[in-house]
Amino acid sequence: MLTMIIGFMSIDFSKVQPVRLFLHLLFSCFAAAVSTARTLFLALAGLCLAVDAGATPSVALYYGSGVPLSEFRVFDVLVVEPDHAGLIQPSSGQQVYAYVSVGEVQEGRSYYAQIPPQWKLASNEGWQSEVIDLSAPGWPEFFASQVVAPLWDKGYRRFFLDTLDSYRLAKGFDEAAQQEGLVRVIDMLARRFPGIRLILNRGFEVLPRVRDKVDMVAAESLYQRWNAQSKSYETVPPADREWLLAQLRTVRERDALPVLVIDYVPVDDRELARLTAQKIKADGFIPWVADAELSTVGVGAVEPVPRRILVLYDGDEVAALSYSNPHLYLQMPLNYMGYVTEYADVREPLPAQVHRDRFAGVVTWFSGFIPADRQADYRLWLQSVLRTGLPIAILGNYGMDLGPALRRQLGLASYPSFAADQIPKLMQASVDPMMGLEAPVPLASLQTGLSQLAETGAPQVQPLLEYSGVGQARMLAAAITSWGGFVLDPNVLSAIPGTETYRWIVDPFAFLRRALRLPPMPVPDTTTESGRRMLLVHVDGDGFASLGEFAGSPPAAQVLLRSVFEKYRIPQTMSIIEAEVAPDGLYPALSARLEDIARAMFKLPYMEIGSHAYSHPFIWDMEVAPKADKTDAAYGLDIPGYKIDLEREIVGSSDYINRRLAPEGKRVSLFQWTGDTTPSAKALEIAYKAGLLNINGGDTSISRMNPSLTAIGPLGIRKNGYLQVYAPITNENIYTNLWHGPFYGFERAIESFEMTDAPRRIKPVGIYYHTYSASKPASLKALHKVYDWALARPLHPLHATDFVRKVQDFYSYEIARDGDGWRLRGDGHLRTVRLPQSLGVPDLSRSLAVAGWNRGPDGVYVTLGSDNALLATRADASADAATQLPYLQQSNGRVSDLHSDAAARSLSMTLTAYVPLEFSMAQAQGCSIRGDGRELKPLPAAQTSTDAVQVFRFKHAQTLRLEINCATR
């Protein structure tokens with residue numbers, strides 16, 4: 001027993017996997033419990049208490065190539081097919097194993113042709129592979145040199161050894177010789193590759209001989225299996241299950257190794273996958289349940305929450321996706337609810353792999369019929385998606401005649417026909433409260449063809465807008481159905497006559513949530529940091545050389561520097577247009593003065609540097625710009641002899657700033673799109689390859705004059721995989737009628753700030769304008785009013801690049817159910833999730849890497865301390881009275897290096913602020929609160945909003961190490 005304890009004490013924890021460490025701790029806890037060494041027992045008991053005995057390390061296997069590996073980042077261990085995965089960048093803390101087949105080889109492998117024929121024992125017809133004779137003397141060296149070594153050179157250090165007992169497929173074989181050959185393979189790997197880590201798929205007979213070289217043992221098909229011969233999924237017979245259970249229990253108990261069980265179910269049977277994983281977990285094993293080819297996102301110890309919505313549109317209806325209804329109006333509600341949109345143009349071949357493992361639903365929005373030559377394929381595709389059980393929401397028009405088969409599948413009947421003089425008048429029979437949100441429901445008529453006839457008495461239909469007047473038939477213009485739901489034109493949007501603005505007739509949040517069956521979940525949030533709404537400022541360089549309407553006619557840039565930038569010492573981003581400032585640009589006589597002003601701006605410690613291009617292109621994609629003048633003059637500023645060049649605009653302008661204007665240690669970090677702010681995929685690619693973040697576009701301009709959700713843009717748009725990030729709120733050009741006046745119009749941005757905060761916080765406060773706003777007294781006064789409004793509120797100032805990175809993180813953020821909690825993993829930039837009201841508040845005693853929370857207008861904003869967090873929740877009514885754990889309520893500083901100990905009632909973190917630091921602690925009364933080792937004193941209670949919250953303020957921007965200890969309270 002003492003030997004066991006000493007063995008535990010000698011473990012190198014930095015090299016032990018979470019799963020193995022967990023089992024080592026449990027084993028050592030048991031050993032300590034029966035040890036007579038009381039002191040050692042107490043030390044180990046403390047370690048035992050620090051381990052969550054209910055935690056199960058999560059493992060995923062993915063051998064496909066169509067799913068980004070980032071979608072598996074919620075798993076502690078990931079096994080990949082290296083021929084598909086290529087070079088990988090593991091997520092923080094994740095261990096990646098490369099799949100290698102020891103006992104079989106397929107013809108497609110690079111080393112297949114080098115294998116001598118005499119080494120092949122048999123064929124596996126089910127998987128079209130050759131079975132290897134493991135007893136062949138040269139096989140261990142061949143396997144190490146030709147299979148593992150190339151992967152080792154690529155950076156893989158962990159390997160999943162499969163097909164260990166495939167030799168049993170042969171008609172005749174020497175069992176002992178085959179097992180001896182397998183042991184020689186494993187021994188060879190350990191000698192050739194010091195530090196190699198292995199998972200064995202079965203290999204039960206040889207395990208005692210190689211136990212010290214193995215991290216984990218896997219086995220397939222405990223409850224559900226794939227029959228490769230019949231190509232079907234089956235339930236494992238009880239006798240086979242009991243035999244395998246006995247083997248796995250032996251591995252767990254005799255060898256003290258974690259056991260991974262891999263079962264197979266159809267990809268769209270998520271309920272069976274979930275139940276199977278629960279059974280495996282209840283047996284004490286680590287589950288992974290997925291499709292037979294391991295090419296989808298399965299269910300393991302945690303279950304990833306699909307955050308992708310596939311949105312179909314008809315490219316014939318618009319010049320480009322940027323101008324389509326789904327992007328302009330539908331994406332924002334989906335982004336707000338935590339979902340990422342993936343678009344598909346119905347004119348092109350539609351995605352083949354649309355399943356419930358990755359997608360939460362499908363939305364279509366057509367204004368008429370799609371191209372005739374695409375209707376048949378689309379009809380078949382839609383039927384196949386319906387069979388998967390994936391919810392579908394239809395807006396506008398079905399896009400085609402449904403046809404009998406699809407109509408039956410949707411629960412709809414054929415549309416009635418009437419003679420022209422016999423068309424009945426329809427009457428509203430029922431209207432759901434979600435209809436008529438911003439505009440009244442319009443009158444309906446059969447002449448318009450806007451209603452569909454549902455099958456009489458169809459129980460799966462919940463009418464949202466129903467009409468009577470056609471006998472006993474139920475005429476529906478909008479409904480929630482068993483397969484999703486629909487809202488048909490003209491009941492989606494209402495155009496405002498004489499304008500280019502619209503109003504929602506249907507509540508898009510309510511409709512999408514109900515039609516797509518979207519469950520409540522923690523929402524990755526791009527509006528809030530450390531419990532406070534974010535504030536960012538970025539300025540486009542237009543008008544840098546404009547003369548201000550002030551004494552002495554100073555350049556607008558000079559006025560901006562003196563009157564705004566030097567007054568408001570908060571994070572800001574300034575850009576310039578090279579052709580306006582450079583000596584060889586449009587204003588050579590002013591260049592020296594303008595460059596000096598730019599240098600002075602960029603030297604400000606809180607100023608970030610952006611580029612606003614070389615010639616300020618008005619149109620970035622000539623192929624899709626609607627009704628554009630296709631001349632170089634219309635494409636950008638008229639610079640003699642210059643022909644548009646995207647590299648010159650993006651990379652060249654940035655190089656100019658870095659070379660001539662940027663102070664030492666600073667470089668251009670942000671490219672701010674110009675003109676129509678609709679860059680092509682090529683322009684985005686150039687920016688990304690140059691290492692530049694990007695912003696602008698989106699045109700969020702909701703105000704009291706246009707109080708519609710349609711005036712709030714989405715987070716951004718992806719083109720060929722490159723993301724354009726939209727500005728949170730639009731610039732003063734919109735509020736001033738394209739700079740025709742009123743020039744004080746930018747003060748209306750305050751209305752946008754307020755209307756994007758309540759009843760839903762959809763956007764951060766984004767102050768975005770041009771240099772020319774400093775050229776007129778009225779516009780300069782409006783600038784001051786906007787800045788003063790923002791700085792009078794408890795916001796969290798940050799740079800525009802911080803916001804951009806958070807939006808990028810939103811697109812790849814992963815969420816998984818982990819028991820009754822949530823596992824959250826991102827890139828580290830987005831550190832806030834919003835809890836809907838129905839999920840309550842964080843349970844601090846059961847959460848990990850949660851710094852605190854604050855209530856907002858639409859839920860609870862949870863502050864995370866790292867890119868890898870576990871969030872448990874509790875009903876709002878059950879307070880933390882029993883534990884009274886302290887937490888950060890809000891701060892203008894970013895949280896890092898978080899450590900918490902619920903048992904000791906202690907919490908520590910680092911807060912870093914761009915401005916004088918402020919923070920509030922909740923449930924910390926009577927606790928020791930120290931900053932950088934010194935006792936901190938809160939503001940008097942009269943200056944705080946509640947006695948339960950302590951507020952701290954400092955005079956300078958700083959990084960503070962904060963330590964809260966409530967053990968003696």
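**A buried strand, an open sheet and a set of salt bridges**

Strand β46, covering residues 887-891, is largely enclosed by the rest of the structure, since five of its five residues are buried. The model is a predicted one. In it, β46 has an antiparallel partner in strand β48 (residues 906-922), and four bridges hold the pairing. One facing pair is Y887 with A922 of β48.

Stepping back to the whole protein chain, there are 23 helices and 51 strands. The chain runs to 969 residues, and 58% of them are buried. About 38,800 Å² of the chain is exposed, with carbon and sulfur atoms supplying 53% of that area. As for how the chain comes together, take the contacts between residues at least 6 apart in sequence: 72% of these join residues at least 24 apart.

An open sheet of nine strands comes next. Its order is β1-β2-β3-β7-β8-β9-β12-β13-β14, and the pairing is mixed. The edges are taken by β1 (59-62) and β14 (299-300); each has a single partner strand, so one side of each is left without a neighbour in the sheet. For β1 that partnership is with strand β2 (residues 77-80), in the parallel sense and over four bridges. Here Y62 sits opposite V80 of β2. Further into the order, helix α5 (residues 139-153) lies across β3 (95-101) and β7 (158-162), and its direction makes an angle of about 155 degrees with β3. Following β7 along the chain leads to T163, in the loop between β7 and α6 (175-192). T163 is not a glycine, yet its phi is positive, near 55 degrees. T163 is also buried, at 11% relative accessibility.

S530 shows a positive phi too, about 50 degrees, and again the residue is not a glycine. The loop that holds S530 runs between β28 (528-529) and β29 (532-540). With a relative accessibility of 1%, S530 counts as buried.

Salt bridges turn up 52 times in a search of the whole structure. One of them pairs R660 with E595, whose closest N and O atoms are 2.7 Å apart. R660 belongs to helix α18 (residues 646-660) and E595 to helix α16 (residues 591-603), so this salt bridge ties together parts that are 65 residues apart in sequence. The two ends sit in unlike surroundings: R660 is partly exposed at 35% relative accessible area, whereas E595 is buried at 3%.

A more local case is K682 with E685, where the closest N and O atoms lie 3.9 Å apart. Both belong to helix α19 (residues 681-689), and because they are three residues apart, about one helical turn separates them. K682 is partly exposed, at 46% relative accessibility. E685 has a relative accessible area of 19% and is buried, the cut-off for that class being under 20%.

The third example is E754 with R704, at 3.5 Å between the closest N and O atoms. Helix α21 carries E754, while R704 is in the loop between β33 (693-695) and β34 (716-719), so the salt bridge ties together parts that are 50 residues apart in sequence. E754 comes out as partly exposed, with a relative accessible area of 34%, and R704 as exposed, at 55%. Salt bridges also link up into a network, made of E71, R308, E342, R358, R718 and E814.

The chain on either side of α21 has some features of its own. Before it, a cis peptide bond with omega of about 5 degrees joins G741 and P742, and P742 lies in the loop between α20 (732-735) and α21. Another cis peptide bond joins A758 and P759, with omega of about 5 degrees; P759 is in the loop between α21 and β36. D757 is located in the loop between α21 (749-755) and β36 (765-770). The side chain of D757 makes a polar contact of 2.7 Å with that of R761. Setting aside neighbours within four places in sequence, D757 also touches R533 and P857.

Definitions and conventions
Residues are numbered from 1 along each chain as its sequence is written. This is a predicted model: local features need pLDDT of at least 70, side-chain atom pairs count only at pLDDT 80 or more; totals for chains, interfaces and linings use all residues. Side-chain values use heavy atoms; hydrogens and water are left out. Helices (H or I, at least four residues) and strands (E, at least two) are DSSP runs, numbered from the N terminus. Buried means under 20% relative accessible area, exposed over 50%, partly exposed in between (1.4 Å probe, protein chains only). Contact means heavy atoms within 4.5 Å. Accessible areas come from the Shrake-Rupley method with a 1.4 Å probe; for residues, only the protein chains shown count as cover. Two strands pair if DSSP finds at least two bridges between them. Axes are lines fitted to C-alpha atoms, for helices over the stretch in contact, and angles run from 0 to 180 degrees between N-to-C directions. A polar contact is a pair of N or O atoms within 3.5 Å; within protein, one must be able to donate a hydrogen and the other to accept it, and residues adjacent in sequence count only if both atoms are side-chain atoms. A salt bridge is a side-chain nitrogen of Lys or Arg within 4 Å of a carboxyl oxygen of Asp or Glu.
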